[in-house]
Amino acid sequence: MVRHTRLAVARCIYVTLCAAASLQSLAVDCPIWRNPRISAPEVPLNIDKVKGQLRAYKTGNYSADLAAVAGDALAYLRSQAGQVKNPAMVLDIDETALSNWPAIDSDDFGFIPDGSCDDPSRGPCGFTAWVKRGEATAIGSTLSLYRSAREMGVTVFFVTSRLEETREKTMANLRRVGYEGVDDEHLRMAKVKGPAQDFKTSARNEIAQNFTIIANMGDQESDLAGDFSGCTFKLPNPFYFIP
Ligand SMILES: [Mg+2]
């Protein structure tokens, strides 16, 4: 515990990342979260320069950073899958299993929950309308992890804050990009808008009645905090924050 905590503190550059390391240090034997390889913003902050840095990160280190975390998760699954009864992994969807980059880019990093999304290449693009288009692409490294997990007998559950009203489109989107075998049992969605962490912890509690959750991977701390997570794997997402 002491060694991991010291390592985590030594690797912290920003206050937010220190908080993340502190959160994860609760899980003694889990791999340390990785820091995104994104450059520090200039001070004083200028939002247009920050947006430029985010776009540079998206085309730069982002994919490799995602893959590194998925690699950590895969190694952990391999070490644990045979050690427990009914092993399971939990995956978030947005910016974990699927990429919403066209909507994020089109909206210039602003979140537009409602409204139409008639042409994502031009924007603005309401998020629910975007989800219902079913055009999100797979995050390749997560898809590979999903397939590997299933091959080794780990049941994969998607737990998402997307609302139930998008279930059909979300499931079709997941299947279309390669997440084969997703069904209602393995897709847990929020019934009402509310704190993501509360819903997700409750969903994992339900899953844990019949499975041993050994890993949980998501792009937000609210995906990972709370009980029944196993080891947590934090993907980079400097594009938006969900409390
Ligand atoms: Mg997400």
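Here are some notes on this predicted model, point by point.

1. Let's begin with the overall picture. The protein has 243 residues, and 45% of them are buried. Its secondary structure adds up to 10 helices and seven strands. As for the outside, the accessible surface is about 12200 Å², and carbon and sulfur atoms account for 54% of that.

2. Next, how the chain meets itself. Take the contacts between residues with a separation of 6 or more: 65% of these involve residues 24 or more positions apart. For a single case, try P31 and C231. They sit 200 residues apart along the chain, yet their C-alpha atoms are separated by 7.7 Å. You'll find P31 in the loop between α2 (15–24) and α3. P31 counts as partly exposed because its relative accessible area is 26%, which falls between the 20% and 50% cut-offs.

3. Now for the metal. Which residues of the protein hold out donor atoms to the magnesium ion? They are D92 (OD), D94 (O) and D219 (OD), at 2.0 to 2.1 Å from the ion. Watch the atom labels here: for D94 the donor is listed as O, while for D92 and D219 it is OD. Along the sequence the spacing of the donor residues reads D-x1-D-x124-D. D94 belongs to the loop between β1 (87–91) and β2 (98–99), and D219 to the loop between β6 (212–218) and α10 (221–224), so this pair, 125 residues apart, links distant parts of the chain. Both D94 and D219 are buried.

4. On to the inside. In soluble globular proteins, nonpolar side chains tend to be buried together. In this model the largest nonpolar core contains 47 residues, and M89, F158, L174 and Y179 have the most contacts inside it. Helix α4 (residues 62–80) gives this core its largest share, seven residues. Apart from that core there is another one, made of seven residues, including A88, A203, I207 and I213.

5. M89 deserves a click in the viewer. Setting aside neighbours within four places in sequence, what does M89 touch? Its contacts are L77, L145, A149, V154, T155, V156, F157 and A215.

6. Helix α4 lets you try a quick length check. With 19 residues at 1.5 Å a residue, α4 should span 27 Å, and its end C-alpha atoms are indeed 27 Å apart, so the two agree. The buried residues of α4 are Y62, D65, L66, V69, A70, D72, A73, L74, Y76 and L77. Don't skip over D65 and D72, which are on that buried list too. What do the buried residues of α4 pack against? Their partners are α3 (47–59), β1, α7 (140–151), β6 and β7 (231–234).

7. Last, the rings. The whole structure has 11 aromatic pairs. One of them joins F111 and F127, with 5.7 Å centre to centre and 55° between the planes, which makes the pair tilted. F111 lies in the loop between α5 (101–106) and α6 (127–133), whereas F127 is in helix α6, 16 residues away. Is F111 buried or exposed? F111 is exposed, because its relative accessible area of 63% is over 50%. F127 comes out as partly exposed, because its value is 21% and buried would need under 20%. Elsewhere, ring pairs tie Y57, Y62, W101, F109 and F239 into a cluster. You've already met Y62 among the buried residues of α4.

Key. Residues are numbered from 1 along each chain as its sequence is written. This is a predicted model: local features need pLDDT of at least 70, side-chain atom pairs count only at pLDDT 80 or more; totals for chains, interfaces and linings use all residues. Side-chain values use heavy atoms; hydrogens and water are left out. Donors are N, O and S atoms within 2.8 Å of the metal (3.2 Å for Na, K and Ca); water is not among the atoms, so sites may look incomplete. Helices (H or I, at least four residues) and strands (E, at least two) are DSSP runs, numbered from the N terminus. Buried means under 20% relative accessible area, exposed over 50%, partly exposed in between (1.4 Å probe, protein chains only). A nonpolar core is a set of buried Ala, Val, Leu, Ile, Met, Phe, Trp, Tyr and Cys residues joined through side-chain atoms within 4.5 Å. Contact means heavy atoms within 4.5 Å. The expected span of a helix is 1.5 Å times one less than its number of residues. Rings of Phe, Tyr and Trp (its six-membered ring) pair if their centres lie within 6.5 Å; planes under 30 degrees apart count as stacked, over 60 as edge-to-face and the rest as tilted. Accessible areas come from the Shrake-Rupley method with a 1.4 Å probe; for residues, only the protein chains shown count as cover.
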